[in-house]
Amino acid sequence: MAYQYLLTTVEDGILRITINREQKLNALNRDTLKELNQAIEAGLKDGKIMGVVITGAGEKAFVAGADISEFANFDQEQGGDLARSGQAEVFNLIHQAEKPIIAAINGFALGGGLEIAMACHIRIASHTARMGLPEVSLGLIPGYGGTQRLTQLVGRGNAMELILTGNMINAEKALQMGLVNHVVPADEVISKSEEIINDIAKRSPRAVAAAIRAINAALVAGEQGFNIEIDEFAKCFGTADFKEGVSAFLERRQPEFSREK
Ligand code: COA
């Protein structure tokens, strides 16, 4: 199937999905998310596919986040819908997939981009990758599971620092924190991801699916957290900070947030 914002190829039983909006650093607009849902669903249904690699087009970005220009005028209800539908259709679909899905992080993985990578089962980063959840700079919080999955992956203290500062970290730091599994040269992110899928493909597919279900079950205690994240994310859309943060990004200036209550 041909997509507007994705390139998909199948080689030796591995589906490679390349998010392809290079001019916008592969930012996730609504249609890209819809296409990701379709491409992943198709790959999971296809008995010939052993696993999926997700990456970004070009050398600069994996995905630089949700498309800020699309939600700049959203209100609280629309913000809640954005997070809820995105989580269900893409992020939880990846997380719960019963075939391995690996993020090949080839550049910036920010906001929703890092959230896609964190929903994947395994993350391979290039030396050039930079990762972060900069939503607080926009007057928002992560809304695609970031507060939950980052905490599960790197612990409360590291998650607090990364989310509250909104700062980016490099691949080495991400490896040290446990945010990524391996760091490799830029031209090896795909081959390393495929090597791991090929290893997994030698094992029992039913046992692999069972192991994914069981590992995911270890994290179910956090389920309520995903709903709290959606509510808090939605409430941000009703604040002056959100309007200021998003306007500042679109006008290419630093935001000025008021400290008054
Ligand atoms: N949403 C919409 N557009 C985005 C985007 C996003 N998340 N990230 C980048 N873009 C667009 C830019 O607006 C720019 O478009 P233009 O050329 O039409 O003006 C293009 O992608 C290139 O980005 P630019 O900012 O010029 O590149 P840079 O090298 O100066 O900076 C980043 C790179 C990643 C640091 C910067 O783009 C950035 O901070 N992006 C937003 C990250 C973010 O806050 N993500 C979380 C969203 S919830």
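This dialogue treats a helix packing and a ligand site in a predicted model.

Reader: By what quantities does one describe two packed helices?

Author: In general, the description consists of the angle between the two axes and the distance between them. In this predicted model, helix 1 (residues 30-45) packs against helix 3 (residues 76-96) at about 35 degrees, and their axes are 9 Å apart. The crossing of these two helices is left-handed.

Reader: Which residues of helix 1 and helix 3 make the contact?

Author: Helix 1 contributes Leu-33, Leu-36, Asn-37, Ile-40, Glu-41 and Leu-44. From helix 3 come Glu-89, Val-90, Phe-91, Leu-93 and Ile-94. Sorted by class, the contact comprises 8 nonpolar, 1 polar and 2 charged residues.

Reader: Turning to the ligand, how many residues surround it, and which are the closest?

Author: The ligand is surrounded by 17 residues, of which Lys-24, Lys-60, Ala-66, Ile-68 and Arg-252 are the closest.

Reader: Which atom of the ligand is 2.9 Å from the side chain of Arg-252, and where do backbone atoms approach the ligand?

Author: An N or O atom in the side chain of Arg-252 is 2.9 Å from an oxygen atom of the ligand. On the backbone side, a polar atom of Ala-66 is 2.9 Å from a ligand nitrogen atom, and a backbone N or O atom of Ala-64 lies 3.0 Å from a nitrogen atom of the ligand. The ligand taken alone exposes 860 Å², and the protein buries 70% of that area.

Conventions
Residues numbered from 1 in each chain as written. Predicted model: local features only at pLDDT ≥ 70, side-chain atom pairs only at ≥ 80, totals over all residues. Heavy atoms only, no water. Axes fitted to C-alpha atoms, helices over the stretch in contact; angles between N-to-C directions. Helix = DSSP H or I, 4+ residues; strand = E, 2+ residues; numbered from the N terminus. Left-handed = near helix turned anticlockwise from the far one by under 90°. Contact = heavy atoms within 4.5 Å. Nonpolar A, V, L, I, M, F, W, Y, C, P; charged D, E, K, R; others polar. Near = heavy atom within 4 Å. Polar contact = N/O pair within 3.5 Å; in protein donor to acceptor, adjacent residues only side chain to side chain. Areas by Shrake-Rupley, 256 points an atom, 1.4 Å probe, with all protein chains shown as cover.
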